[in-house]
Structure formats: structure tokens, C-alpha cells
Amino acid sequence: MSEHFDVIVVGGGIAGLSASAYLSRKQKKVALLERAVIGGRAVTIRVKGFSFNFGAHAIYGRDTSVLRTFEQELGLHIDWRDFNPNKAHYDLGAEMTPVPVNIHGLFRTKILAGMTHKIAFAYEVLRTLLRLEQGHPHISIKQWLEQHDTDEDVKEMMLTLGSSNFFTSEPEQIPSDVFFNYYRRLFLSTKPVSYIGGGWQSLIDEFLRVIEANEGTIVTKCKIEQVQVDGDRVVSVRTADAEYSADEFVFAIPPKALVGLFEGTHIEHAVKQYDRYSPTTVVVYDIGLKQRIEVPYTYINDVENHMFITDISYYDTTCVPDGGQLLQATAYLTQADIGNKEVFQSIKEKIEHMYDKHFSGWREQLVVPRVSQRAVVQEIACRMNQQAMPIFFPDYRNLFFCGDWCEGQGQLSELSFSSAYEAANLILQKRGDFSEKDKTVWQKQ
Ligand SMILES: Cc1cc2nc3c(=O)[nH]c(=O)nc-3n(C[C@H](O)[C@H](O)[C@H](O)COP(=O)(O)OP(=O)(O)OC[C@H]3O[C@@H](n4cnc5c(N)ncnc54)[C@H](O)[C@@H]3O)c2cc1C
């Protein structure tokens, strides 16, 4: 058997990476084991001078996010680029109108026709902020708005917002408690949307820097195939040719990968339920262009077709060669759409049509297109009849979980960061390595 560690983290996506950085910064002897390359779904692919982030790198409500806590506690250098709300527009088919990201947008937008509807929407925002709207886990947001006789236009507006923030064409399925919690945090934020200069890769490099500076071990191309348990403890993990032992284990790999690994243990049974839940899946169609096509918008959301375009290179100039442009179109898929070739073809055509409409001349400037037919944005979609996986089960006393399928704060990567932070702090607290300062910061999350 190779070296013994304080903590072994399996899975090098941003959840496993941030947990490893945090624990090694707290002087734990950590090994991070990743089956492929570090980054997981936040990987960046470089083609002909363009850096394609597999997923966009918008961070929602960064000033109240757990990523911000990691930034402060680990001394990460993050080049924040704030989203310009004046450049965010809805495409309503016949006309463009501002997204009501702030008061200015709210008064200018045509998606809420007339002052009465705008005031009714502002009133809903206020009620959410004051916790007068709390929702209920057994009531979907659509049912909640109907029960509360919400103004029709305001209802549509809230569902449209939900569609973009939860990456779904079925926003009515979002549980109302999750919806109001999410927007309370976002409405309170002074930085509702930010990008990261250098994309996900720059963030990954920062976490790696912290791990290396604290003498953590990183092993890539290290697929864990077996888990050894003894009583109520995990004792080691095995690849085809190596075995790693530790006191504590964090598994930052999705439920479908966990089920196989824990075959024959209590965990297999506990995790199976989460393996059955459906993910949030999208089509992504990026285009790298030789020369920028200037338009007044950096974010265009086609409300009817449930798709949006972001001008990634407007915020992150490092992802393109000199003078170039990187546009990313994302279209939400329903479960029934996934794997349906005709649906995919029709979505692809609609995206191209959207590029034609807003970025006329893109076909002549095209250097490299990149299409993902089914990209998993969040492993367990936030919808009624589904729930996030706990970060531990009572069966094993040294086993923790994190990732965007786990319980935590926010959506998307914020779920990965917040579950990682929580799992790491549970380990520190258990081992008596939890200072009063740590406790205050943790309890604030
Ligand atoms: C198209 C798209 C757009 C997105 N846009 C945004 C956005 O704008 N904002 C945002 O916040 N988030 C966004 N996301 C979501 C974000 O990318 C994910 O939430 C995040 O990357 C998930 O990280 P994770 O570590 O939780 O999981 P993963 O990245 O899935 O990490 C799991 C890791 O475990 C490894 N692994 C699995 N099995 C084993 C094994 N047996 N042994 C060893 N290793 C193993 C895998 O290789 C992987 O590296 C987007 C995602 C996509 C796809």
C-alpha cells in the first residue's frame, strides 16, 4: 500500500479541487485522485487560439458566494469581470427589450407592459427580500404564484427569470422554496453576475497553486475502481494497480459513479435514489470568429425558444486570438429532448438563425465552431420530485460527498463550492481543527 493520508479526495472537478485546496491550506495531508484531467466539467479546450470553456463561467451573486469565501480564505487571485446589465436584452421576436436586472432595466423593459405590472414586480422583489415570500418544498413555483393570485405578467416575468438562472425550459417545475431562497440571495447581491478573466482554467490553476504550496498530492489518470470498507469506516480506495489509505474520504464524483464503486455496501443503496434523478442538460454551440462583430448586446435571451447567446470574449479577452470573438449559445433541453436527433437538428438551426439575426456576417468570420449535443450543467436538476444528495450518510463515519448533485447553496458551480466547503469543515470540526474564527465564517454560510 502507498502512503497514508489525512484526507483522500476522489474526483478533481471544482468541488474536489476546492475541498482539497481548503483542507491542505488547513495543514491536512491531502491526496486528490482524478481519473482524467483536473477540472471535470469545468475543463477548457484550446482550439486554434480560442479557449472553449466546456461550461460558461458566470458566477451568480459572487459577493455572497462560497467561492468568494474560498477567495478570501485561500488568498486566490481571481480576475473578476462584472456583467454589464445595460447590455443584457430579451429577444421577444419582433423587438428587443432590456432584461430587468436592475431598477433602470425594470423601468425600460417591455417584458412587463405598463407601470402597474412593473410596480407589481418590484413589490414581489421586495416581498422576497423581506422573506414574506418563502415558498414551500411541496409546492412548485408555478403553483405558488397561482395560489397567490400573482399578476399574470409578473408570473411570466418570474418564470422567465427562473428559466435563465436554473438553465431550464420548465421553470414551472422549480420548487417554490428553492426559487425564493435563490432570488433572495441574488436580489441582495450587488454583483448579480460576474465572469472570470482567464475562464475556469484560471480558477483551477489557483486552487492547484494552493494545493501545491501546501504540499498536497495530486494524482491524475487515477481512476478509483474499488472502495475498501471495514465496519462503519472506509479504509482505502484502489485503482487497477495502486491502493491509497486515509483517515477521512471525500467523494466528489457523481451518484452514477458512486453506485458502482460502493456496490455491496449500504452506500450503494443510499445513493441509488440520486442516480435515478435527471440532470439539467443543454445544447451548447460556441463559435470562434476571426474578427469581432460589434452589437449593442453581450447577452441575448430568446424567450420563446429557451436559448441565449453570451459574448464570452467581451468579458474575457484572453479566450480569443487578437481581434477575435467567442460567442456561446446555450439551449435548454427537456428530458424528452435528450438524444433525439431531430430535436437537436432543429435546435442547431434555431441557434444559427439567432446568430444570423444578431451577429450578421458571422459565417464569413467563422474560424472554429464547437457543438455539445448534451452538456450536463447540473447533475441533479432542481425540480419537483427530485432532491439533492446529502453530504454524508449515517452508515459511514469518515465518508463525505460534494458536487453539484449535493445539498448546498445556490445553483450550478455554487452547489459544488458550497458542498465542498461544508464537507471540508465537517472534517476539520470532527478532527478538532476548527478555530473559533472558522466556526464564525462557516456558520455565516
Ligand atoms: C454548458 C455548461 C454551462 C455551465 N455554465 C455555468 C455557469 O455559467 N455558471 C456556473 O456556476 N456553473 C456553470 N456550469 C456548471 C459547472 O460547470 C458545474 O456545476 C461544475 O463544473 C461541476 O463540478 P463538480 O466538481 O461538482 O463535478 P464534475 O465536474 O462532474 O467533477 C467530477 C469529477 O470526478 C471525476 N471522476 C468520476 N469518477 C471518478 C473515479 N472513479 N475516480 C476518479 N475520478 C473520478 C470526473 O472525471 C470529474 O473530474 C455549466 C456547465 C455546463 C456543462
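This is a short tour of a predicted model, stop by stop, with something to select at each one.

**Whole chain**

Start zoomed out, with the protein chain as a C-alpha trace. Along its principal axes the trace spans about 65 × 50 × 45 Å. The radius of gyration is 22 Å, which agrees with the value near 22 Å that a compact globule of 445 residues would have. Now switch to cartoon: you should find 15 helices and 19 strands in the protein chain.

Two more numbers help before you zoom in. Buried residues account for 48% of the 445 residues. And if you take contacts between residues at least 6 apart in sequence, 69% of them join residues at least 24 apart.

**The core**

Next, select Ile 8, Ala 19, Val 250, Ala 252, Cys 402 and Ala 423. These belong to the largest nonpolar core, which has 127 residues, and they are the ones that touch the most other members. Then colour helix α14, residues 413-430: this helix gives the most to the core, with eight residues. As background, nonpolar side chains in soluble globular proteins tend to be buried together.

Stay with Ile 8 for a moment. Which residues does Ile 8 touch, leaving out those up to four places away in sequence? Show Ala 31, Leu 33, Val 237, Tyr 244, Ala 246 and Phe 249 and you have them.

**Asp 241**

Now go to the loop between β12 (233-238) and β13 (243-251), and pick Asp 241. Buried or exposed? Asp 241 has 7 other C-beta atoms within 10 Å, so it counts as exposed. Draw a C-alpha to C-alpha distance to Cys 222: the two residues are 19 apart in sequence and 9.6 Å apart in space.

**Two positive phi values**

Select Asn 385 next, in the loop between β18 (366-378) and β19 (399-401). Check its backbone: phi is near 70°, a positive value in a residue other than glycine. Asn 385 is exposed, as only 12 or fewer neighbours are allowed for that label and Asn 385 has 9 other C-beta atoms within 10 Å.

Finish at Leu 412, in the loop between β19 and α14. Leu 412 is not a glycine either, yet its phi is positive, at about 55°. What about its surroundings: is Leu 412 buried or exposed? Here the cut-off for buried is 20 or more other C-beta atoms within 10 Å. Leu 412 has 21 C-beta neighbours inside 10 Å, so it counts as buried.

Terms used: Residues numbered from 1 in each chain as written. Predicted model: local features only at pLDDT ≥ 70, side-chain atom pairs only at ≥ 80, totals over all residues. Core = buried A, V, L, I, M, F, W, Y, C linked by C-beta atoms within 7 Å. Helix = DSSP H or I, 4+ residues; strand = E, 2+ residues; numbered from the N terminus. Contact = placed C-beta atoms within 7 Å. Rg over C-alpha atoms; globule rule 2.2 N^0.38 Å.
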